[in-house]
Amino acid sequence: QVQLVESGGGLVQAGGSLRLSCAASGRSFSTYTMAMGWFRQAPGKERELVATVRHLTGNIYYAEAVKGRFTISRDNAKNTVTLQMNSLKPEDTAVYYCAASRPFPPRAGSTSDEYVYWGQGTQVTVSS
């Protein structure tokens, strides 16, 4: 089993920055073999994928809404993944979730259904 713990959410004014961190723990695993990602869910909306970093290659995907403003990175040695969020907008307000796939996901973490481990979520609120 894998446990994910997020930190770093909060309240920020539009145009500001926040950095989210996610620490993974568990027995007998390495995040190197797992796709890691950040998702978010705003009130009344479905959960959406924000950014992912694939296992092995480390290839990165960003949703169009955050491209150029958010940066995802991972540290396999520390089993952590971070999301640096700059130029935040009120529409970025949501609960942000860290997620991880099982080892060696068949589609390299490119689809949301591959993410089976989830953190508890951290609130990000951007005021206008």
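The paragraphs below go through the fold, the strand pairing, the disulfide, the surface and the salt bridges of this predicted model.

Residues are numbered from 1 along each chain as its sequence is written. Because the model is predicted, local features need pLDDT of at least 70 and side-chain atom pairs count only at pLDDT 80 or more, while totals for chains, interfaces and linings use all residues, and side-chain values use heavy atoms, without hydrogens and water.

The protein chain contains 11 strands and zero helices. Here helices (H or I, at least four residues) and strands (E, at least two) are DSSP runs, numbered from the N terminus. The order along the sequence is β-β-β-β-β-β-β-β-β-β-β. The C-alpha atoms occupy a box of roughly 45 × 25 × 25 Å along the principal axes. For 128 residues, a compact globule would have a radius of gyration near 14 Å, and the protein chain agrees with this at 14 Å. That radius is taken over C-alpha atoms, and the globule rule is 2.2 Å times the number of residues to the power 0.38. Of the 128 residues, 44% are buried. Buried means under 20% relative accessible area, exposed means over 50%, and partly exposed lies in between (1.4 Å probe, protein chains only).

Strand S8 (residues 80-85) is a good place to start with the pairing. Two strands pair if DSSP finds at least two bridges between them. S8 runs antiparallel to S3, with six bridges joining them, and strand S7 (residues 70-75) is also joined to S8 by six bridges in antiparallel fashion. Thr-80 of S8 is the bridge partner of Ala-23, and Asp-75 stands opposite Thr-80 too. S7 and S8 form a hairpin with four residues between them, and Asn-79 in the turn has a positive phi of about 55°.

S3 also carries one end of the disulfide. A search of the whole structure finds one such bond, defined as a pair of cysteine sulfur atoms within 2.5 Å. Cys-22 is joined to Cys-98, with an S to S distance of 2.0 Å. The pair links distant parts of the chain, 76 residues apart: Cys-22 lies in S3 (residues 18-26) and Cys-98 in strand S9 (residues 94-101). The torsion about the S-S bond is about -75°, so the disulfide is left-handed. Cys-22 is buried at 1% relative accessibility, and Cys-98 is buried at 0%.

At the surface, Tyr-32, Leu-56 and Phe-104 make a nonpolar patch of about 310 Å². Phe-104 sits in the loop between S9 and strand S10 (115-118), and is exposed at 51% relative accessibility.

The structure holds five salt bridges, each a side-chain nitrogen of Lys or Arg within 4 Å of a carboxyl oxygen of Asp or Glu. One of them joins Arg-40 and Glu-48 (2.6 Å, N to O). In that pair Arg-40 is buried at 7%, whereas Glu-48 is partly exposed at 36%. Glu-64 and Lys-67 meet in another (2.7 Å, N to O); Glu-64 is exposed at 63% and Lys-67 partly exposed at 46%. Asp-113 forms a salt bridge with Arg-107, the closest N and O atoms being 3.0 Å apart. Through shared partners, salt bridges join Arg-40, Glu-48, Arg-69 and Asp-92 into one network.

Methods. Patch = residues over 30% accessible without salt bridge, like charges linked within 9 Å, V, L, I, M, F, W, Y side chains within 5 Å. Areas by Shrake-Rupley, 256 points an atom, 1.4 Å probe, with all protein chains shown as cover.
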